[in-house]
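Visitor: Could you pick one part of this model and take me through it slowly? I'd like to see how it sits among its surroundings, and how far I can trust what I'm looking at.

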Amino acid sequence: MARSSMKGAAGAEFLSRFSERHNAAEILTYLDNAQYLKVLVVGETIIDEYQYCEALGKSSKEATLALRRLSTEKFAGGIIAVANHVASHAGEVGLVTMLGEVDPQEDFIAGKLSEKIKPRFVYQSGAPTIVKRRFIDSSSFHKVLEIYEIETALAPEENDKLCGALSETLPEYDVVIAADYGHGMLRKEAIRLLCSQARFLAVNTQSNAENHGFHTISRYPRADLVCLTEREVRLEMRDRQSSLRDLVMEVAARIGGSRIAVTRGRKGCLCYGRGEGFWEIPAFTTQVVDRIGAGDAFLSLAALCAAQQAPMEVVGFAGNAAGAHAVKTVGHRQPAERGLLFRRIAELLRARGDGAASEEVQPLKSQGRKVALLEPAPNYQA
Ligand SMILES: Nc1ncnc2c1ncn2[C@@H]1O[C@H](COP(=O)(O)OP(=O)(O)OP(=O)(O)O)[C@@H](O)[C@H]1O
Ligand SMILES: [Mg+2]
């Protein structure tokens, strides 16, 4: 039963209170009506490569762990994972991304893209497509070591090509999702275009080992939905001590943002909406296989709901449902598809505090109405 995977009493109590305010049909309608959205996703392509190994023990000559490679599994990650999550729900999906000219892996990537996605690639000279190679102890799924193949930022003429591609595509879309991994694709000119031309802009500025401290949300002067981890919020504010809520208010003021979702791994998320206040939503699973891509799954679903003016509590709920799917999935084997999320959300909201079964929830058919998009943001002047 779904409730058994919720985090004990806290989860049951949350679901009980949540289901007094929202029901499954309401949330499922937001997912269903995403079919009316045209969504552009922008960010770096990342090949997540898993080298499954057997630990042999200590090397006889050095203080080194010796591993034997058993097999390799390759995933199309980064923005490709976001594009595939979004394509499971949205009507049309455009993709603007950066590949490396040296070893683009374009056939592999094209083979992993949902047919619904219209890709535009910008190439970085003298660089491979970004690869994050992880060596994994297959018996424990523990990641022993990561090696990244990453070059620095796009050259000026490549940046011009990217800006040209963005200028052409941005006006065609209702919603833009920027999953900015901070690996050199989105320089300030491209960010200025995103912030000035996107009708509804959702952004994550991912902090990771390669960009740590150089890549924070204040690079974006405007966003309609900001999704960050707690660590990314604290990094932006250079503050480890203050309460997260205070820091979120400061981030919102800094970028003029009215909606912020802070993901907190096994603690779920904290969501803020101007005029709504704060909502804390616990994580929806304790079964964690692999955390890679959880934030991307969260961002994808949260953006689709926020663009339709869903209350932030619902935005966080849908994001957590996608995050729960992602942590139960190895790498990017399966996107957070419509059917999977529909079942998950229906199960969660049936499993209310007293365990009483609510009415059967069926996936909703479109009711022939157009979605209510957020008002276009007041034109941001760069
Ligand atoms: N250990 C966990 N247990 C349960 N749910 C989790 C766990 N980790 C992540 N999630 C779910 O996924 C969401 C996003 O996860 P998280 O906060 O780890 O993002 P992230 O660090 O940006 O991930 P990424 O590796 O994709 O960058 C969380 O809000 C939660 O719903
Ligand atoms: Mg992240």
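**From a loop glycine to a buried strand**

Guide: Let's start at Gly-265, which is partly exposed because 16 other C-beta atoms lie within 10 Å, and that count falls between the 12 or fewer of an exposed residue and the 20 or more of a buried one. Keep in mind that this is a predicted model. Gly-265 sits in the loop that links strand S10 (259-263) to strand S11 (269-273). Along the sequence, Val-327 is 62 residues away from Gly-265, yet their C-alpha atoms are 9.6 Å apart.

Val-327 is also where helix H11 (312-327) ends, and that helix, along with helix H10 (294-306), supplies at least two residues of the shell around ligand 1. That shell has 22 residues, and the closest include Thr-263, Ala-294 and Gly-323. Sorted by class, 8 of the shell residues are nonpolar, 10 are polar and 4 are charged.

Now for the part I'd really like you to zoom in on: strand S8. S8 runs over residues 201-205, and it is largely enclosed by the rest of the structure because 5 of its 5 residues are buried. Look at one side and you find Leu-201, Val-203 and Thr-205; on the other are Ala-202 and Asn-204, so both faces are covered, each of these residues being buried.

S8 has strand partners too. With strand S7 (residues 175-180), S8 pairs in the parallel sense over 5 bridges, and Val-203 of S8 has Ala-178 opposite. S8 also pairs with strand S9 (residues 225-229), again in the parallel sense, over 2 bridges. Here too Val-203 is a handy marker, standing opposite Val-226 in S9.

How does the chain get from S7 to S8? It goes by way of helix H7 (residues 188-197), and the three together make a right-handed β-α-β unit. The buried residues of H7 are Ala-190, Ile-191, Leu-193, Leu-194 and Cys-195. Their cover includes S7 and S8 themselves, as well as strand S1 (38-58) and helix H6 (156-169).

Follow the chain out of S8 and you come to Gly-213, in the loop between S8 and S9. Gly-213 counts as exposed because it has 8 C-beta neighbours inside 10 Å. So this loop residue contrasts with S8, whose 5 residues are buried. Gly-213 and Glu-232 are 19 residues apart along the chain, with 9.2 Å between their C-alpha atoms.

Stepping back, the protein chain has 12 helices and 12 strands. Of its 382 residues, 45% count as buried. Among contacts with a separation of 6 or more, 73% join residues 24 or more positions apart.

As for trust, the chain averages a pLDDT of 90, and 89% of the residues score at least 70. Two stretches deserve more care. Over residues 352-369 the pLDDT stays under 50, though the model has 24 contacts beyond four places in sequence for them. Residues 376-382 also stay under 50, with 10 such contacts. Where pLDDT is low, predicted coordinates shouldn't be read in detail.

Conventions:
Residues are numbered from 1 along each chain as its sequence is written. Chains are lettered from A and ligands numbered from 1 in the order in which they are written. This is a predicted model: local features need pLDDT of at least 70, side-chain atom pairs count only at pLDDT 80 or more; totals for chains, interfaces and linings use all residues. Helices (H or I, at least four residues) and strands (E, at least two) are DSSP runs, numbered from the N terminus. A residue is near a molecule or strand if its C-beta atom, placed from the backbone, lies within 6 Å of it. Ala, Val, Leu, Ile, Met, Phe, Trp, Tyr, Cys and Pro count as nonpolar, Asp, Glu, Lys and Arg as charged, and the others, Gly among them, as polar. pLDDT is the predictor's confidence in each residue, from 0 to 100. Two residues are in contact if their C-beta atoms, placed from the backbone, lie within 7 Å. Two strands pair if DSSP finds at least two bridges between them. A crossover is right-handed if, with the strands pointing away from the viewer, the path from the first strand over the helix to the second runs clockwise.
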